[in-house]
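Q: I'd like to learn how to read a model like this one, feature by feature. Can you walk me through it?

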Amino acid sequence: MDFSYSDEQQMLQDSVQKFVKGQYDFDTRKKLIESDRGFSEDYWNLFAELGWLTVPFNEEDGGFGGSAVDLMVVMEEFGKGMVVEPFLATAVLSGGLISELGNEAQKQALLGAIMEGKLQLATAYAEADSRYNLASVATTASKSADGYVLSGDKVVVFNGPAADKLLVVARTSGDKFDRDGISVFIVDADAAGVSARAYTAVDGHRAAELHLNDVKVPADALLGAEGKALPALERVVDRVTLAVSAEAVGALACLLQKTVEYAKTRKQFGVAIGTFQALQHRMADMFVECELARSIVIMAAMKLDSSATAADKTKAVAAAKSRVGRAMRLVGQEAVQIHGGIAVTDELDVGHYFKRVTTIEHLFGDTDYQTMRYAAL
Amino acid sequence: MNADFTAEELEFQKEVQDFLKAEFPQDIKHKVDNGIKLEKDDFVRWQKILYKKGWVAPNWPEEYGGTGWSPTQKYIFALEMGLYGAMEPVAFGVKMVAPVIYSYGNEEQKKRFLPDILQSNVWWCQGYSEPNAGSDLASLKTTAVREGDHYIVNGTKTWNTLGQYADWIFCLVRTDNTVKKQEGISFLLIDMKTPGIKLSPIVLLDGEPEVNEVHFDNVKVPVENLVGEENKGWTYAKVLLTHERTNIAQVPNSKLKLQKLRKLAASTPDGFGGTLLDNPVFIKKLAEAEIQVQALEFAELRTLAAVSVGKAPGPESSILKIVGTEATQFIDELYMEVAAYHSLPHVPEQFTEGFDGEHVGNGSLAASANTYFNNRKKSIYGGSNEIQKNIISKAVLGL
Ligand SMILES: Cc1cc2nc3c(=O)[nH]c(=O)nc-3n(C[C@H](O)[C@H](O)[C@H](O)COP(=O)(O)OP(=O)(O)OC[C@H]3O[C@@H](n4cnc5c(N)ncnc54)[C@H](O)[C@@H]3O)c2cc1C
Ligand SMILES: Cc1cc2nc3c(=O)[nH]c(=O)nc-3n(C[C@H](O)[C@H](O)[C@H](O)COP(=O)(O)OP(=O)(O)OC[C@H]3O[C@@H](n4cnc5c(N)ncnc54)[C@H](O)[C@@H]3O)c2cc1C
């Protein structure tokens, strides 16, 4: 058993930490969220320069190694800064799909560009009534003479507004819930027939609803074998789930730390509110939740990097998201409550961490969903 | 013991239902049903209709315009209003300052202020909290210094809800610095148009400027605006707070939300071909919420039955405050769970009157994240839930 980071991981953590501390304070983030693009192009280039965009990819693809522990290290630090740059959407989710499913030509064309910071991507998989079931796909891709024609609607496509290309999950055969018949296509964001309704999500991230109206794509837009994409999609979404769980661990650590600090300085009744045992015990509970969340995310990351079976890996991710989900609700709510009125304002960072963790709670399978998924495995 | 309604009570229930159907404005009902933001005018218009019917202030003594209803009638009225989605009158006037004025004000003040509250001619707001006097309200520092016929008020109030709409503010001010902190506080009514008052809006987590900081810079307030005796304000303030707390329980509103939630769950796909009502984990939680609200309802009924007309409820109001807010917040969580990722888009303009763009998310569920964030305030204001537990520990359990 060894829970220490390798030298490389330590350096990675130090460099992300330094960036977040030095260049990503709350006001900077606020300005980025309010900007047209919704994130910083300069920071994105910096991420590329520092090699962070290579972290999700394995060495054959030219990446840093692609281990889940590396990813966890980066995401936890991003969580502390509530980083809004689309690392998850472009590199982990979309990049992950290309890495899993793409042929040499597709990888050649896309992965290098992602790692160099030159390509923004978004993956459109969720639909209005698919909820958390990745196999529930109603969007269709029908074969045409020289390719496919895509039609359907997608929701909460993170990074949709900035994406140069979209990875669209569509059905090439079968019925709505069939595991077979699901394919992934690379679609230019400005292709004829694609329209997007862009918006800012409650946590400040940008997303879009997508409408695909007879969108024609060439045959080589297909990523992987026709109709066989679901297992890869599930693996990639599990990785993303692990990544957001790690992000949450970072955000929760900040919520705890900020709450404890505030409780030591805020005075009511002539004393610091942290002297009230009613609050002390609740901060102790927050601490316990934070430690359990961190522990189970480490467990899941190590499991993903091990030779465990696919089912065991999935089960570990489900366990992590479930437990972190519980921590997000408890720690988020308690941080707000213990701060009092100031935490329900837009001015204080605490409310924004609360919104981010609440968002994570409801993405990629909420707590009950992941608990039941665990139970079923 | 008997929980059935009598024939007269059933008749009264029918009367309330008929009244709501006939008189609650359609356009406001449309807004409520679709989660569209209500404007000040919506509240005022509806309250004036209630006033015409004589039903604006069921809790007031009859001599000032109350209805003279039994506790059961009041319960029926509140329930039917809530289930229909009709807003209760804004609490600051009818439920907060008015009881203080009719209990402790002089005849002149009763005549001057109560009719305008009844008729919704004047919008009131509450000026209790200060940046450093939240839970420890009695440590408030805003001063009122007597100079001839006036008090000169200086200081900062905060968390002032909807002060941007208000014509008058009721304030706790310090009139004596030399005594125990509770003993130097007075209850002052201040016209918001008085020179020297400045509001700075505070934006909350849902993006709305719902509260304000209110700055008082040498504000001249006539001494006749003092309610009751100088330095006795704390007593009046506490009475008002018990009214405020009871009001926070919101049982009818929770019942309506639960009814709607059950319907929404029945039409929300679970992603596997069924609906959320097929999901055993979800229906267990929904049932727990319904049970919680039933227990709360009967706790409230027992409190109401014990309170005679015009009298303030006792420390039991703390139970209603704690459980009422917890129930609301739990229901908010369930809405978000039903909405799943559909509550994540932050597109507030689609919940304003006249929006005709493309709607994002899933109908009114799309607002559920913002509602959840916003309603975290409920366990904080009105005396936080921790403070309520301190009250129970001390005043009820004798600890
Ligand atoms: C089954 C069992 C086996 C045990 N075995 C052993 C043994 O082998 N050897 C041995 O030496 N002892 C043993 N104990 C004793 C055990 O350590 C004591 O019961 C324990 O320390 C609590 O003390 P108490 O029972 O006197 O309760 P108290 O100390 O009187 O506590 C009563 C309640 O007050 C709470 N409380 C006390 N102080 C605080 C505080 N500062 N803040 C908040 N809450 C507080 C406690 O948590 C508890 O809920 C055993 C006890 C049990 C029940
Ligand atoms: C949206 C909103 C609207 C409001 N509207 C109004 C309004 O219109 N008018 C008005 O006057 N006020 C209003 N308030 C103010 C509200 O009453 C205060 O926020 C509340 O009293 C808490 O004070 P605080 O925010 O300063 O928190 P603090 O008092 O600083 O409390 C911080 C934390 O410490 C806890 N705590 C404090 N003391 C104790 C103790 N002794 N034991 C255990 N725990 C303790 C609290 O429970 C809380 O969790 C509003 C507040 C909000 C958030």
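What follows is a dialogue about a predicted model, moving from a ligand site to salt bridges and then to single residues.

Q: Let's start with the ligand. Which residues come nearest to ligand 2?

A: The general idea is to list every residue with a heavy atom within 4 Å of the molecule. Here there are 30 residues around ligand 2, and the nearest are Gln337(A), Ser135(B), Trp159(B), Thr161(B) and Ser384(B). Check the chain letters too: residues from chains A and B surround ligand 2, so the site is shared between chains.

Q: What is the make-up of the shell around ligand 2, in nonpolar, polar and charged residues?

A: The shell around ligand 2 splits into 14 nonpolar, 13 polar and three charged residues.

Q: Which polar side-chain atoms lie by an oxygen atom of ligand 2, and at what distance?

A: Look for N or O pairs within 3.5 Å. Gln268(A) has a polar side-chain atom 3.5 Å from an oxygen atom of ligand 2, and Ser135(B) has one 2.6 Å from an oxygen atom of the ligand. There's a nitrogen case as well: a side-chain N or O atom of Ser129(B) sits 2.8 Å from a nitrogen atom of ligand 2.

Q: How much of the accessible area of ligand 2 does the protein cover?

A: Take the area the ligand has on its own, then ask what share the protein hides. Ligand 2 alone has 960 Å² of accessible area, and the protein covers 95% of that. As for the elements giving two or more residues to the shell, they are α9 (310-339) of chain A, plus β3 (150-161) and α12 (385-396) of chain B.

Q: On to salt bridges. How many are there over all chains?

A: A salt bridge here pairs a side-chain nitrogen of Lys or Arg with a carboxyl oxygen of Asp or Glu within 4 Å. Searching the whole structure turns up 47 of them over all chains.

Q: Where in the chain do Lys154(A) and Glu127(A) sit?

A: Start with the pair itself: their side chains form a salt bridge, 2.8 Å from N to O. This one links distant parts of the chain, 27 residues apart, with Lys154(A) in strand β3 (residues 147-158) of chain A and Glu127(A) in the loop between β1 (121-124) and β2 (140-144) of chain A. Both Lys154(A) and Glu127(A) are buried.

Q: Which helices hold Arg373(A) and Asp238(A)?

A: These two side chains also meet in a salt bridge, at 2.8 Å from N to O. Arg373(A) belongs to helix α11 (residues 367-376) of chain A and Asp238(A) to helix α7 (residues 230-265) of chain A, so the pair links parts of the chain that are 135 residues apart. Then read the burial of each partner: Arg373(A) is partly exposed at 22% relative accessible area, while Asp238(A) is buried at 8%.

Q: Why are Asp41(B) and Arg45(B) separated by about one helical turn?

A: Because they are four residues apart in helix α3 (residues 40-53) of chain B. Their side chains meet in a salt bridge of 3.4 Å, N to O. Asp41(B) counts as partly exposed at 46% relative accessibility, and Arg45(B) is partly exposed too, at 28%.

Q: Which residues are linked in a network of salt bridges?

A: Don't stop at pairs; follow the partners along. Arg329(A), Glu361(A), Asp368(A), Lys285(B), Glu333(B) and Glu337(B) are linked in such a network.

Q: Now a single residue: is Ser139(B) buried or exposed?

A: The cut-off does the work: under 20% relative accessible area means buried. Ser139(B) has 18%, so it is buried. Ser139(B) lies in the loop between β1 (124-127) and β2 (143-147) of chain B, and a polar atom of its side chain is 2.8 Å from the backbone oxygen of Asp136(B). Beyond its neighbours within four places in sequence, Ser139(B) contacts Asn132(B), Ala133(B), Arg174(B) and Lys181(B).

Q: And what does Thr268(B) touch, not counting residues up to four places away in sequence?

A: Look at the chain letters again. Thr268(B) touches Arg131(A), along with Gly274(B), Thr275(B), Leu276(B), Val338(B) and Leu365(B). Thr268(B) is in the loop between α8 (251-267) and α9 (280-306) of chain B, and is buried at 6% relative accessible area.

Technical notes: Residues are numbered from 1 along each chain as its sequence is written. Chains are lettered from A and ligands numbered from 1 in the order in which they are written. This is a predicted model: local features need pLDDT of at least 70, side-chain atom pairs count only at pLDDT 80 or more; totals for chains, interfaces and linings use all residues. Side-chain values use heavy atoms; hydrogens and water are left out. A polar contact is a pair of N or O atoms within 3.5 Å; within protein, one must be able to donate a hydrogen and the other to accept it, and residues adjacent in sequence count only if both atoms are side-chain atoms. Accessible areas come from the Shrake-Rupley method with a 1.4 Å probe; for residues, only the protein chains shown count as cover. Ala, Val, Leu, Ile, Met, Phe, Trp, Tyr, Cys and Pro count as nonpolar, Asp, Glu, Lys and Arg as charged, and the others, Gly among them, as polar. Buried means under 20% relative accessible area, exposed over 50%, partly exposed in between (1.4 Å probe, protein chains only). Contact means heavy atoms within 4.5 Å.
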